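Let's take a walk through this one together. Pull up the viewer, keep the sequence handy, and follow along.

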Amino acid sequence: MVQLDITQIESDGIKDPSVIGTIYGDVGTNTFKFSMIGHAERSDYITVEHPDCGPVLCQIDSIIRKSNYTLDRSLERNADDRIDERVIATATVIGYRDTSGLLNAPRTPFAVGSDVRLSDPQFIKRIVGLK
């Protein structure tokens with residue numbers, strides 16, 4: 001089995017520490033899933049760049065850890081077993097502010113492969129409308 005090291009997202013040879021995940025699979029206009037490579041928790045605000053709208057505020061709804069560790073393997077308790085796991089999060093789209101300052105949601109889905117970052121507190125305040 002070939003194992004990929006997904007913790008190394010690189011751009012021009014430089015790792016981007018602000019990226020906590022990558023969107024994958026079926027992506028909707030309201031929700032999407034992303035593979036997590038950095039630390040985040042349920043209810044954290046995240047930002048994803050949309051090709052038409054720019055940065056969009058989203059929120060993590062759930063986080064699951066998927067592994068190849070089955071019930072049968074857990075009953076055998078073999079210390080030499082290698083456990084491969086992935087952390088997957090589901091997020092809900094909140095929106096972005098248009099040029100008039102109105103809160104809007106993108107009308108098209110994010111691109112598969114888009115980077116996911118934790119949101120800056122000032123960005124959250126601006127989108128949510130807090131002073």
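One thing before we start: this is a predicted model. The protein chain has two helices and nine strands. Reading from the N terminus, the order of elements is β-β-β-β-β-β-α-β-β-β-α. Of the 131 residues in the protein chain, 27% are buried. As for how the chain comes together, take the contacts between residues at least 6 apart in sequence: 61% of them join residues at least 24 apart. The accessible surface of the protein chain is about 8,800 Å², and carbon and sulfur atoms account for 50% of that.

A good place to zoom in is strand E4, residues 31-36. In a regular strand, side chains alternate between the two faces of the sheet. In E4, Phe 32, Phe 34 and Met 36 make up the covered face, while Thr 31, Lys 33 and Ser 35 sit on the uncovered one.

Which strands does E4 pair with? One is strand E3 (residues 19-24), which runs antiparallel to E4 and is joined to it by four bridges. Within that pairing, Thr 22 has Ser 35 of E4 as its bridge partner. E3 and E4 form a hairpin with six residues between the strands, and there Gly 25 takes a positive phi near 70 degrees. Another partner of E4 is strand E7 (residues 85-97), again antiparallel, this time over six bridges. Ser 35 turns up here too, standing opposite Ile 88 in E7.

Now go back to the covered face of E4 and look at the rings. How many aromatic pairs does the structure hold? There are two. In one of them, Phe 32 and Phe 34 are tilted, with 6.2 Å centre to centre and 45 degrees between the planes. Phe 32 and Phe 110 make an edge-to-face pair, because their planes are at 75 degrees, with the ring centres 5.4 Å apart; the cut-off for edge-to-face is over 60 degrees. Phe 32 lies in strand E4 and Phe 110 in the loop between strand E8 (103-104) and strand E9 (115-118), so this pair ties together parts that are 78 residues apart in sequence. Phe 32, Phe 34 and Phe 110 form one aromatic cluster.

Are these rings buried or exposed? Phe 32 and Phe 34 are both buried. The relative accessible area of Phe 32 is 1%, and Phe 110 comes in at 5%, so Phe 110 is buried as well.

Stay with the neighbourhood of those rings and find Val 93 in strand E7. Val 93 counts as buried because its relative accessibility is 12%, and the cut-off for buried is under 20%. What is Val 93 in contact with, leaving aside its neighbours within four places in sequence? The list is Thr 29, Asn 30, Phe 32, Val 56, Leu 57, Cys 58, Pro 106 and Phe 110. So two members of the aromatic cluster, Phe 32 and Phe 110, are in contact with Val 93. The C-alpha atoms of Val 93 and Asn 30 are separated by 5.2 Å, although the two residues are 63 apart along the chain.

Step back along the sequence to Asp 84, in the loop between helix H1 (71-76) and E7. Asp 84 is buried, with a relative accessible area of 12%. Its side chain has company: a polar contact of 3.1 Å joins it to the side chain of Arg 82.

Last stop is helix H2, residues 121-128. Phe 123, Ile 124 and Ile 127 are the buried residues to highlight here. Looking down the axis of H2, the buried residues fall within an arc of 100 degrees, so they line one face of the helix. What does that face pack against? The buried residues of H2 pack against strand E5 (45-50), strand E6 (54-67), E7 and E8. Pro 121 and Gln 122, on the other side of H2, are exposed.

The two ends of H2 are worth a look as well. Asp 120 caps the N-terminal end, with a side-chain oxygen 3.1 Å from the backbone nitrogen of Gln 122. Just after H2, Gly 129 takes a positive phi of about 95 degrees.

Notes: Residues are numbered from 1 along each chain as its sequence is written. This is a predicted model: local features need pLDDT of at least 70, side-chain atom pairs count only at pLDDT 80 or more; totals for chains, interfaces and linings use all residues. Side-chain values use heavy atoms; hydrogens and water are left out. Buried means under 20% relative accessible area, exposed over 50%, partly exposed in between (1.4 Å probe, protein chains only). Two strands pair if DSSP finds at least two bridges between them. Contact means heavy atoms within 4.5 Å. Accessible areas come from the Shrake-Rupley method with a 1.4 Å probe; for residues, only the protein chains shown count as cover. Rings of Phe, Tyr and Trp (its six-membered ring) pair if their centres lie within 6.5 Å; planes under 30 degrees apart count as stacked, over 60 as edge-to-face and the rest as tilted. A polar contact is a pair of N or O atoms within 3.5 Å; within protein, one must be able to donate a hydrogen and the other to accept it, and residues adjacent in sequence count only if both atoms are side-chain atoms. The arc is that of the directions from the helix axis to the C-beta atoms.
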